[in-house]
Amino acid sequence: MRFGLFGTGHWATETHGAALDAHPRAELAGVWGRNPERAAALADRYRVPAFDDVDALIEACDAVAVALPPDIQADIAVRAATAGRHLLLDKPLSLTLADADRVVDAAQSAGVASVVFFTQRYQPNVTAFLAATAAAGGWQHARATMFASIFQPGSPYGGSQWRKEHGALWDIGPHALSIILPVMGRVETVTAVDGPRGIVHLLLTHDGGATSSASLTLDAPTEAMTREFVFYGENGIESVPAGQNSPATAFTVAIDQLLEEVEAGTRDHRCDVRFGREVVAVLSAAETARAESRTVPVP
């Protein structure tokens with residue numbers, strides 16, 4: 001399958017591009033980026049053409065792989081789906097629920113396959129854990145703590161303007177929800193408050209009355225950086241293991257699963273654009289909740 005790569009940053013280069021270049025059943029058709037010089041350099045690295053027009057690269061491929069800020073991704077995804085191209089997208093799907101709906105509508109109208117890359121959901125040991133935990137049932141609460149920092153020396157994300165502007169809620173919030181939702185179910189309401197150093201705290205209620213909480217930041221002190229997911233319920237306490245593979249290896253799994261969707265003609269991937277839209281709905285409600293200091297229902 002011919003993939004058009006959209007994006008030229010660290011994630012596009014070291015995760016999307018590296019995995020696509022090494023995949024035995026994928027072919028890079030070309031690269032497009034907002035910076036033509038960086039696009040040319042990345043295209044040269046992978047020995048493919050650099051495109052200066054979005055629609056020209058869409059025309060030259062069978063599927064798009066997008067590693068760009070969410071608002072830019074949403075527009076490219078709609079254009080690609082409308083042209084009949086399959087979608088391999090990144091989280092979050094978009095920055096607004098209206099844009100997420102546009103992507104879902106375009107994908108469903110065109111009948112294209114879609115996969116959204118929530119990194120941990122393509123780690124075999126994590127997905128096995130989530131499946132077993134969801135099947136066990138009886139969970140009353142889940143807790144996620146993700147204290148990261150993009151401002152440490154050498155971080156490849158320190159210059160990311162969209163991450164600085166939208167913070168942990170939109171950058172790592174999708175990762176937290178991708179772990180919580182498969183076990184706890186659909187979110188009904190969200191409450192959110194801010195803390196120091198860019199911390200945002202979420203309290204979620206789920207179908208059936210269970211609750212979950214998430215504490216997130218992109219500006220944690222070095223000594224406080226941590227990642228932890230815990231479920232509490234009738235069967236005791238269960239902690240989610242860390243993924244065992246690199247992001248590029250996880251992205252290879254995402255490529256495999258998109259190819260399976262295309263070949264089988266199915267459109268029911270557990271992390272497709274509809275799940276991506278569900279995550280955006282929760283994040284949008286949380287944004288309103290923190291701004292207006294109230295509990296907000298999730299549409």
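What percentage of the 299 residues in the chain is buried?

## The chain overall

Buried residues account for 52% of the 299 in this chain. Keep in mind that we're looking at a predicted model. Its secondary structure adds up to ten helices and 13 strands. The radius of gyration is 19 Å, close to the 19 Å the globule rule gives for 299 residues, so the chain is as compact as a globular protein of that length.

Along the principal axes, the C-alpha atoms fill a box of roughly 55 × 45 × 35 Å. Take the contacts between residues at least 6 apart in sequence: 72% of them join residues at least 24 apart. As for the surface, the chain exposes about 12,200 Å², with carbon and sulfur atoms supplying 51% of that.

## Helix α8

Helix α8 runs over residues 173-184, twelve in total, and spans 16 Å from first C-alpha to last, close to the 16 Å expected. Eleven of those twelve residues are buried, so α8 is largely enclosed by the rest of the structure. Among the buried ones are Gly173, Pro174, His175, Leu177 and Met184. Right after α8 comes glycine 185, with a positive phi near 90°.

## Aromatic rings

If you like ring geometry, there's some here: the count comes to six aromatic pairs. Phenylalanine 117 and tyrosine 122 make a tilted one, 5.5 Å centre to centre with 35° between the planes. Both phenylalanine 117 and tyrosine 122 are buried, and they belong to one aromatic cluster with Trp11 and Phe251.

There's a charge over a ring, too: the charged end of arginine 121 sits over phenylalanine 275, 5.4 Å from the ring centre.

Definitions and conventions. Residues are numbered from 1 along each chain as its sequence is written. This is a predicted model: local features need pLDDT of at least 70, side-chain atom pairs count only at pLDDT 80 or more; totals for chains, interfaces and linings use all residues. Side-chain values use heavy atoms; hydrogens and water are left out. Helices (H or I, at least four residues) and strands (E, at least two) are DSSP runs, numbered from the N terminus. The expected span of a helix is 1.5 Å times one less than its number of residues. Buried means under 20% relative accessible area, exposed over 50%, partly exposed in between (1.4 Å probe, protein chains only). Rings of Phe, Tyr and Trp (its six-membered ring) pair if their centres lie within 6.5 Å; planes under 30 degrees apart count as stacked, over 60 as edge-to-face and the rest as tilted. A charge sits over a ring if NZ of Lys or CZ of Arg is within 6 Å of the ring centre and within 35 degrees of the ring normal. The radius of gyration is taken over C-alpha atoms; the globule rule is 2.2 Å times the number of residues to the power 0.38. Contact means heavy atoms within 4.5 Å. Accessible areas come from the Shrake-Rupley method with a 1.4 Å probe; for residues, only the protein chains shown count as cover.
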